[in-house]
Amino acid sequence: MQYNDYSLLRIITGITALSLVLSPFTIVRAADYDLEPHELPYTDRASIDMQTAAGLGVLTEAGIFRGNDDGTFRPESYLNRAEFVTIILRLLGDDTTAPATRCFPDVAENVWYTEDVCHAKELGIIRGNADPNLMESQWRFEPNRATNYAEAVKMLVELYTFPVQGEVEGSDWFVPYMNAANERGLGLRGIRPADLITRAEMSRLTARFYAHSTGELDALIEAEMRNEESTSSSVSSTSSVSSTPTNTSSVSSSTNATKDPLPWSAAISGFLAAGNTSQILAQADVFLEQEPLMVDVIVIALDTPTVEVEGFLVYDENATLLGRAGHDLSRGNGVYTLHMRNDELTIAKAKEFTFYVRAILRSVDRGAQSGVPVEVESLSVEGTGEWSTRTYARSTTETFPSFMTAHGTLMIENGGVSSAVLVPGTNIEIGAFRFSMQAEDSQTDVQVEDITFTLNRTSNVVVSDVIMRHPESGAEMPCSVTSITIECTNITAGLSTLDADTPRTFKLYANVQVTTGNSATLSLSISDPGNSTSAGDVTWTDGETTFQWLPGGQPVVTGTTYSL
């Protein structure tokens, strides 16, 4: 292949820059590709498989991967194009070149990825999304769009300036780049060009290019294979698949099969916290009377497509992880598929098999939006009959609960004892409620704006002059009282703002009078949770969206019961 001066300049410049970051490994010592997940610095290292750990540890030590602000790696999350460009440019080491800050019409001048994206364009790593109706200078980069496998390979091939043959007429644009990677043993198995790439897959792919550049690709591949063998070498005899007719459903798995770390709970409408793995969104039972079913693919379809769901974790009835379902654009937007390997999952003849799904949600630092509805429309299983080799497809028909995304979720519980003696008088405590929040982003604040308490009392109890107070800060505000409710509205931010680290307990004080008799009872409750279309007793905001409902049934919470 003929190189022009510019090509040679890029190769020389690239090699010189790479030596800045690679020299500690190529000159001082060989890279250690034998790290195991528990040796990685990420807080979620237990969710990182051993094959990924082989290269991830070296790239982390080299400063290529730095994790998220909260210390996680999030191996199953997708990464967008801006994130991918920023990561792979670290392979070039420190670069004092000051790139342009206006290189694409959809890349602003003052965002965190601007310089990296513009530098990548200057190096010819990216050009933007070709549009025949626009001049090349008007092509968009789409920084927030998730990166697919073909794009990732193309960028790395360009970064390392591998020779690429011209496009063959009638073939896809990415074929020459795939060939350049595969010829060098750098491609990943089981990933299609259009598949969105997870952070784990991104690290394995990048590690292969990195190891190739240092002459250590064989060491990396050997470590990956060794880790894969150690993961799958011991197979439980009670969970293996037999070629003979079976009467139990089975999953081929190792004794170290990944279990669901979250407790099981029925799918109930609620909020989905950004950046987290969700509660169970849907569950399905599969039953085939004719013969055992060898499952080929599990399909999850959303009622309305959304970028807030980056994938699904699929678990069987024993809470064993079957795998991660990725967005499958070949089946349509909002459709996710998990492809099973041969004989990995067989459902027995006339035996009910249950599986459930949890969503992997986009994080705040990746542009997550709150107030977005999420609902699974259907769960499907497609496979082949073990005896007849017939093709089967089974799909759910029921309606699944609806959910809504939020940057943080609000939880309320009784902040006092369950029962106490009722003492008439002035400024008497009549209830205490603990408010807390769950959020992936430590910068997220949840604020409670309005609360309506139900006043449960016997007819001889009179309550007046109610004040809601935060005892620790001394902040307080008056609330209005009717015969059956106490309403605390327009609660000030200083009183009601919650952060992820510190729950807040609000106490209500009132003048309490018992008019007649020697027995009386008094308690407060938050009764109506509302739903996504009907307002309940609590109004709150996550800083972006105002919500007027809470998950769960009635009542939401009941406070201390005071009695004479």
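The second largest pocket of this predicted model has a volume of about 620 Å³. A total of 28 residues line this pocket, and those closest to its centre are F271, Q279, T409, Q438 and P551. Four elements each give two or more residues to the lining: strand 2 (270-273), strand 3 (277-286), strand 9 (353-361) and strand 13 (408-414). In character, the lining of the second largest pocket divides into 16 nonpolar residues, 11 polar residues and one charged residue.

Besides its pockets, the structure can be searched for enclosed spaces. How many cavities of 30 Å³ or more does the structure hold? There is one cavity of that size. The volume of the largest cavity is about 30 Å³. Its lining is made up of L272, A274, E308, L361, R362, A368, Q369 and T405. Sorted by type, the residues that line the largest cavity are four nonpolar, two polar and two charged.

The discussion now turns to the nonpolar cores. In soluble globular proteins, nonpolar side chains tend to be buried together. The largest nonpolar core of this model has 60 residues, of which V117, I126, L156, L159, L205 and F209 touch the most other members. Which helices supply at least two residues each to this core? They are helix 2 (50-61), helix 3, helix 4, helix 5 (149-159), helix 6 (175-182), helix 7 (199-213) and helix 8 (217-232). Helix 5 gives the most to this core, with eight residues.

One member of the core may serve as an example. If residues up to four places away in sequence are not counted, L205 touches Y149, A152, V153, L156, L186, L188 and I197. A second core, separate from the one just described, has 44 residues and includes V448, I451, M477 and C479.

Helix 6 shows how one element is covered by others. Its buried residues are P176, Y177, M178, A180 and A181. Helix 5 and helix 7 are among what covers these buried residues of helix 6.

The next topic is the covalent links within the chain. A disulfide is a covalent bond between the sulfur atoms of two cysteines. The structure holds two disulfides. One of them is formed by C103 and C118, whose sulfur atoms are 2.1 Å apart. This pair links distant parts of the chain, with the two positions 15 residues apart in numbering: C103 is in the loop between helix 3 (81-89) and helix 4 (114-122), whereas C118 is in helix 4 itself. Why is the disulfide of C103 and C118 described as left-handed? The torsion about its S-S bond is about -80°, and the disulfide is therefore left-handed.

Are C103 and C118 buried or exposed? A residue counts as buried when its relative accessible area is under 20%. C103 has a relative accessible area of 13%, so this residue is buried. C118 is buried as well, because its relative accessibility is 1%.

The other disulfide joins C479 to C488, with an S to S distance of 2.1 Å. The link of C479 and C488 is right-handed, with 105° about the S-S bond. The cut-off of under 20% applies here too. C479 is buried because its relative accessible area is 11%, and C488 counts as buried because its relative accessibility is 0%. When the bonded cysteines are counted along the chain, the disulfides follow the pattern 1-2, 3-4.

Two single residues complete this account. V111 is placed in the loop between helix 3 and helix 4, which is also the loop that holds C103. With a relative accessible area of 31%, V111 is partly exposed. The C-alpha atoms of V111 and T101 are separated by 9.6 Å, and these two residues are 10 residues apart along the chain.

S523, in turn, is found in strand 22 (residues 521-526). Is S523 buried or exposed? Its relative accessibility is 9%, so S523 counts as buried. Apart from residues up to four places away in sequence, S523 touches T454, L455, N456, T560 and T561.

How values were computed:
Residues numbered from 1 in each chain as written. Predicted model: local features only at pLDDT ≥ 70, side-chain atom pairs only at ≥ 80, totals over all residues. Heavy atoms only, no water. Disulfide = S-S within 2.5 Å. Buried < 20%, exposed > 50% of the residue type's maximum accessible area, 1.4 Å probe, protein only. 1 Å grid on protein atoms, 1.4 Å probe; cavity = no way out; pocket = protein on both sides within 12 Å on 5 of 7 lines; lining within 4 Å. Points joined across faces, edges and corners; volume = space filled by probe spheres on them. Nonpolar A, V, L, I, M, F, W, Y, C, P; charged D, E, K, R; others polar. Core = buried A, V, L, I, M, F, W, Y, C linked by side-chain atoms within 4.5 Å. Contact = heavy atoms within 4.5 Å.
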